[in-house]
Amino acid sequence: MRLSRTSRTVLGTITGIILATIYLPLIVVLINSFSTSKSLTWPPPGLTFAWWGRAFQSAGALDAILTSVQVAVVATIVSLVLGTLISLALQRYKFFGRDTVSLLVILPIALPGIITGIALNNAFRTILGIQLSIFTVIIAHVTFCIVTVFNNVIARLRRMGTSLEEASADLGGGLWTTFRLVTFPQLRSAMLAGGLLAFALSFDEIIVTTFTAGTGVTTLPIWILNNLFRPNQAPIVNVIAVLLVLVSIIPIYVAQRIAGSDVVQK
Amino acid sequence: MTTQSETRGRKGAGHRASVFLYSHVRVRLALLISAPLFWLGLVYIAALVALLVTAFWTVDSFTGEVRTDWTFDNIITVLTGSLYQSVTLRTLGMAVLVTIADIVIALPIAFFMAKVASARWQRILVIAILMPLWASYLVKAYAWRSVLSNDGIFQWIVQPFGGTTPGYGITGAVITLAYLWLPYVILPIYAGLERVPDSLLEASSDLGAGTWRTLRSVVLPLLWPAIVAGSIFSFSLTLGDYITINIVGGANQMLGNLVYTNVGAANNLPLASAIALIPIAIIFVYLAAVRRTGALNSL
C-alpha cells in the first residue's frame, strides 16, 4: 500500500486537529492559572501571578504532594518486584492454570476502579476490621500497578529469548549470576518504563484511593477533589496541574531516551 | 590452603543451591510465582469474593452495622428496581459511545504515527500523547467543565458559526470521558500498527489491492487484538466512573455514583456490593467475548 500525497496530508491534518483538541483543555488550565477571575470566564478578564505565589505557600497542597510521592514510591517498588517475578514465571514456564494466572494479573485494570475500591474497602473494614490508613492505600495501589510492570517486562522477555541465558549457564554461571549479569541488564529498561507508568498511575489515582484512604490521608488527587469547587482554591489547583505537566516532561523524556537506546542496541 | 578450601566450600553451597534449582523446575517456578500470587490472591481475589458474599448480607437498620443474615433482597432490588435498570443502561450506553469515539479518533492518529511520520516525529508524537496522562485526571475533567461552560471557550469558538456548547449533561460527560481515556486507546493501537510489517502492506498493493482493500483485509485483521485491548480500557474506565459525571454531567448519575452513595452517605455496603456486581458481570462477559481475539496479550 503506497499512500498518495493527498492521503498523507489528510492524515497529517487529522493528527494535527486531534492533538490541538488534546492540548486545548490543558492550555485553558494554563491560562486560567493566570486569570484574575475565580470562576471559569473565557476569555479571562485580566492576568495575575497571585495564584502562582500562593500555590507555593499552600501547606495543604505541598503535604498532599509529599503523601502522593510516598505512596507512589513504595507502590512502585513493591509492584516492580512482584510484576517482574510473575512475568518471569508466566513467560519462562508452562504450568497448569497459566492462563488463569495471566487473567488474574490484568483483572485489576480490566475491572473498573470502583470495583477494586469497594472490594478492598469492604475487605479491610467489614471482613478484617482494619483501620484505613496510608498502608491500605499502598496495598490497593500495588494491586493495579503490578500489571503495568508485568506488561513491559513480559513484552521484553518475549523478545529476548533464552539463548543468552543458556550460554551463561553453559559457561558455568549459576542461576543468580545469570540473572544478575545476563537477564537483569536486558530487563532493566523495561522495568524502568513499567515502573514510571506505575508511578504515574499511582500518583494520579483517585477512585480506588477514595475508598481505601483513612481520614487523615490526603493524597494530591484527594486534595484536588476537595479544593476544586472552592472559589479561592480552584486557581491554585490550576497552578499545581500546570506544574505537574511541566515536571512530567522529565520522566517521559528519560523513558523515551531509554526506549530509543534500546532500538539502537537492537 | 585453608582460605582456598573455605572459598570452595562457600561457593559449593551456592553452587549446590543453583544446581538443585536448575534441576527442579517446579521449585524454581514456585519461588518465582508464590509472592505475586499470594498478593493477588490474598488481597485482590479474596476481596472480590468477600464483595460477592457481602451482597447477600443485610444492614441492621438501627445500628447501621453489617449483619451476616443471608438474603437475596439486595440482588432482587438491584435487578428489579427501575432506577438501577435505567442507570445501568445509561452507563452501558455511555461506555459504548466513549469506546467507539475513542477508537474512531485513535485509528487515524495511530496510523499516522506508525506508518507515515518519520522516526523523529514518531518520537515527538508519542511524547505528545503521553504527556497529558501526567496531568491530573481531575484537573482535566475540571478543564472540560471550564471549556463547556456557558461562557467557556467552546461557546466562544462555536458561537460565530451559530453553535452552542452542549453544556453539562450526558453529551458533555461522554466528550470528557472520551478525552480522558483517549491516550489509553491510542497507545495499544499504535503499538499494534508498529507490529504490522510494512512489507505486508507493499505485498498487498503489489497484488493489486487498493488502499481501502489493504486496510480492510490486511491491516484490520492484524490490528484487531490491539483495538480490542484499547477498548477494554475505555469501556472499563467509563463503566466505573463517578467523578467526571459529577463535574460535567449535571444531575445525571452513573453506576459508580450509586455505589459511592451506598458506601458513603447511605452506609449500605451490602446494597453497594450488589450494585457493584453489575459492572463486574458486564466486564466478565466482555472479557470472555474478546478472549479468543488474543487481545488480553496486547494490553
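At what angle do helix H4 (residues 98–110) of chain A and helix H2 (residues 25–54) of chain B pack, and how far apart are their axes? Let's work through this and a few other exercises on the predicted model above.

**Exercise 1. Describe how H4(A) packs against H2(B).**

Solution.
- Step 1: Two packed helices are described by the angle between their axes and the distance between the axes.
- Step 2: Here the angle is about 55°, and the axes lie 11 Å apart.
- Step 3: Angles of 65 to 115 degrees count as roughly perpendicular and those under 35 degrees as roughly parallel. The angle of about 55° falls in neither class, so H4(A) is oblique to H2(B).
- Step 4: The crossing of H4(A) past H2(B) is left-handed.
- Step 5: Now find the residues that touch. H4(A) brings Val101(A), Leu104(A), Val105(A) and Pro108(A), while H2(B) brings Leu37(B), Leu40(B), Tyr44(B) and Ile45(B).
- Step 6: Sort them by class, and you get 8 nonpolar residues, no polar and no charged ones.

**Exercise 2. Work out how helix H12 (residues 255–263) and helix H13 (residues 269–290) of chain B are arranged.**

Solution.
- Step 1: The two axes come within 8 Å of each other and cross at roughly 160°.
- Step 2: Angles over 145 degrees count as roughly antiparallel, and H12(B) and H13(B) are therefore roughly antiparallel to each other.
- Step 3: This crossing of H12(B) and H13(B) is left-handed.
- Step 4: On the H12(B) side, the contact is made by Leu255(B), Leu258(B), Val259(B), Asn262(B) and Val263(B). On the H13(B) side, the residues include Leu269(B), Ala272(B), Ile275(B) and Pro279(B).
- Step 5: By class, this contact between H12(B) and H13(B) has 11 nonpolar residues, 1 polar and no charged.

**Exercise 3. Decide whether Ala229(B) is buried or exposed.**

Solution.
- Step 1: Locate the residue first: Ala229(B) sits in helix H10 (residues 211–239) of chain B.
- Step 2: Count its neighbours. There are 25 other C-beta atoms within 10 Å of Ala229(B).
- Step 3: The cut-off for a buried residue is 20 or more, so Ala229(B) is buried.
- Step 4: For a sense of distance, look at Ala276(B) too. It is 47 residues from Ala229(B) in sequence, and their C-alpha atoms are 23 Å apart in space.

**Exercise 4. Find out how chain A meets chain B, and which helix gives the largest share of chain A's side.**

Solution.
- Step 1: Count the residues on each side: 73 of chain A are in contact with 81 of chain B.
- Step 2: Helix H1 (residues 5–32) of chain A supplies the largest share of chain A's side, with 15 residues.
- Step 3: Divide chain A's side by class, which gives 55 nonpolar, 15 polar and 3 charged residues.

**Exercise 5. Write a short portrait of each chain: what helices and strands does it have?**

Solution.
- Step 1: Chain A has 11 helices and 0 strands. Its C-alpha atoms fill a box of roughly 70 × 65 × 30 Å, and 45% of its 266 residues count as buried.
- Step 2: Chain B has 13 helices and 2 strands. Its radius of gyration is 26 Å, well over the 19 Å that the globule rule gives for 299 residues, so chain B is more spread out than a compact globule.
- Step 3: The C-alpha atoms of chain B fill a box of roughly 90 × 70 × 40 Å, and buried residues make up 44% of the chain.
- Step 4: Finally, look at contacts with a separation of 6 or more. Residues 24 or more positions apart account for 77% of these in chain A and 72% in chain B.

Note on methods: Residues numbered from 1 in each chain as written. Chains lettered and ligands numbered in written order. Predicted model: local features only at pLDDT ≥ 70, side-chain atom pairs only at ≥ 80, totals over all residues. Helix = DSSP H or I, 4+ residues; strand = E, 2+ residues; numbered from the N terminus. Buried ≥ 20, exposed ≤ 12 C-beta atoms within 10 Å, placed from the backbone. Contact = placed C-beta atoms within 7 Å. Axes fitted to C-alpha atoms, helices over the stretch in contact; angles between N-to-C directions. Left-handed = near helix turned anticlockwise from the far one by under 90°. Nonpolar A, V, L, I, M, F, W, Y, C, P; charged D, E, K, R; others polar. Rg over C-alpha atoms; globule rule 2.2 N^0.38 Å.
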